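Visitor: I would like a close look at one strand of this model and then at what else can be said about its strands and charged pairs.

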Amino acid sequence: MKLVSTIAALFLLPSVSAFAPANPTSRQSTAVCSTRDGYKDQFKNRERDQANYVTAQNTPKNQFPYVATASESCELSYDPSAFPKNLPLQQIQGGNSRLTWKMPQGADRLQMLIQTNGRPLKARVELWLGPIRRVHFVDIACMNGAETPFRACLKFKNTDSAGPQTLEISTSEDSAFPALVGVDVMTKDRSVERQEAFDAIWKASTKMYSQGDKTVRSIPIADHVKSVQLLVWSKDVGKKSFKANIELLQGPNTKRQYYELQCGGGTQPYHAIFETPGNGWTMRWTNTKTLHDGSHEFVVVPYELESDAPTDAIDVTPMYSGGYADKNNEFGYGETLGPHGSRSAPFTGNGQVGRL
C-alpha cells in the first residue's frame, strides 16, 4: 500500500520548468575566464600571454628568449652626471658602522656610489620614512667592490608631502670589510631630466614580467657588454611594492654579485647599474613576494659596451653644472658637495641637510 502511494505521489510532482521564474533576466557572467573564439582569456592579460607563447614557440630550446645586447652604448652613459664614478667618498668602517643623511626639503631623488679598495663589498642601504617605516632596502654582497661597484639612482616620495626621510648606509658585522660611500641629492630640474631619460629607456625596451612566489627569470648578458642597467617599475601591473633577489653569475654557477632588493614599485621606479667585466655573465632574477602581491616588470639593457664605452672622467670633482646640488645653498650644503664632503666645512643655508 505504501509503495502504491509513493508511486502516485511521484506522478503528481510538478515538472522542473514549474520552478523556473516567469520572466528570466540575463545577468553578467562572474566566471574568472570567459571563452571567445574558441580560446580562454587569461584574466585581462590575453595579449601578453599570447605574445609570450609565440616567443617561446619561435625560440629554439637551447636559446634564451631574451639576451641583453646592443650595438652601441646607452646615451645616458655619456652624461657625466649620470651614475658618476667620481663622487667624493667617505669611508665606513666594518662592524655594523653606519652613516645617515637627512633628505632636504623638496628633494625626491638621489644617486649613490658604494665601492671598496679591492676587498669584498658587504653593505646595506635603507631609506626610512619616519622612525619605523622603511620604504627602501637593498642588501649588497660583491666579491670585489672595486671591480664591481654599486651605482644606483633612487626615487622616493617628495619630502614636502611625505615628511622627513633619512638615508642610512651600513656595513656588515665583519670589521674586515669597510666600504667607501658617496651620496648626492639631485636638484629638482635634474630630477625631472632623469625621469624623462628613465621613461624613454622604459618605453623603448623589452619588459619582463615577474608574478611572484619564487618566480625565476634568467637574462644572459652578451660578452661585449661592459655594464648593464636595471629598471624596475610596477605602475602597469598593480602598482605594488616589489621584492626580489638579484644574482649576477659568471660561468656556470659562480655568484659574483648578489643583491636583495625591496622598493616601492608604483611611486618609486628603481634604476641601477651593474658592472659585468669579462665574459659569461648572466643575471638571475628571483621574485620573493607572494603570488598575488608581487607582480612587477623590469628591464635589463646594456649601459656601456667594451668597444663603445665613454672615457672615464679624470677630474675627481663632479660637474656641478650637470645637475648636482649647486654651491648656491639650494639644499643647504654650503661649500661641500652633499653631506659627504669635508667634515671640517661648516654647513650653511637652511640647515636641513647633513649627517645625523
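Visitor: How many bridges join E5 to strand E10 (residues 179-185), and do the two run parallel or antiparallel?

Guide: Six bridges join E5 to E10, and the two strands run antiparallel. The model is predicted, so local features need pLDDT of at least 70 and side-chain atom pairs pLDDT 80 or more, while totals for chains, interfaces and linings use all residues. Residues are numbered from 1 along each chain as its sequence is written, and side-chain values use heavy atoms, without hydrogens and water.

Strands here are DSSP runs of E with at least two residues, numbered from the N terminus, and two strands pair if DSSP finds at least two bridges between them. Within the pairing with E10, Ile 114 has Val 181 as its bridge partner. E5 is also joined to strand E8 (residues 150-155), again by six bridges and antiparallel. There, Arg 109 is matched with Lys 155.

Strand E5 spans residues 109-115, and seven of its seven residues are buried (under 20% relative accessible area; exposed is over 50%, partly exposed in between, with a 1.4 Å probe and protein chains only). In a regular strand the side chains alternate between the two faces of the sheet. In E5 both faces are covered: Arg 109, Gln 111, Leu 113 and Gln 115 are buried on one side, and Leu 110, Met 112 and Ile 114 on the other.

Elsewhere, eight strands form an open antiparallel sheet, ordered E4-E9-E6-E7-E15-E14-E17-E12. Strands E4 (98-102) and E12 (216-220) are at its edges; each has a single partner strand, so one side of each has no neighbour in the sheet.

Inside this order, E6 (residues 121-129) and E9 (residues 165-171) run antiparallel and are joined by seven bridges. One of the matched pairs is Glu 126 with Glu 168 of E9.

Glu 168 also has a charged partner: it forms a salt bridge with Arg 98, with the closest N and O atoms 2.6 Å apart (a salt bridge is a side-chain nitrogen of Lys or Arg within 4 Å of a carboxyl oxygen of Asp or Glu). This pair connects distant parts of the chain, since Glu 168 lies in E9 and Arg 98 in E4, 70 residues apart. Glu 168 is buried at 12% relative accessible area, whereas Arg 98 is partly exposed at 45%.

The whole structure holds 11 salt bridges. Among them, Glu 247 and Lys 255 meet at 3.0 Å, N to O. Glu 247 is buried at 9% relative accessible area, and Lys 255 is partly exposed at 40%. Asp 293 and Lys 289 also meet at 3.0 Å, N to O. In this pair the acid, Asp 293, is partly exposed at 26%, while Lys 289 is buried at 17%. Salt bridges with shared partners join Asp 79, Arg 190 and Glu 193 into one network.

Glu 126 comes up again around His 136, which is placed in strand E7 (residues 133-142). His 136 is buried, with a relative accessible area of 2%. Leaving aside residues up to four places away in sequence, His 136 touches Val 125, Glu 126, Leu 127, Leu 154, Leu 261, Gln 262, Cys 263, Gln 268 and Tyr 270 (contact means heavy atoms within 4.5 Å).

Note on methods: Helices (H or I, at least four residues) and strands (E, at least two) are DSSP runs, numbered from the N terminus.
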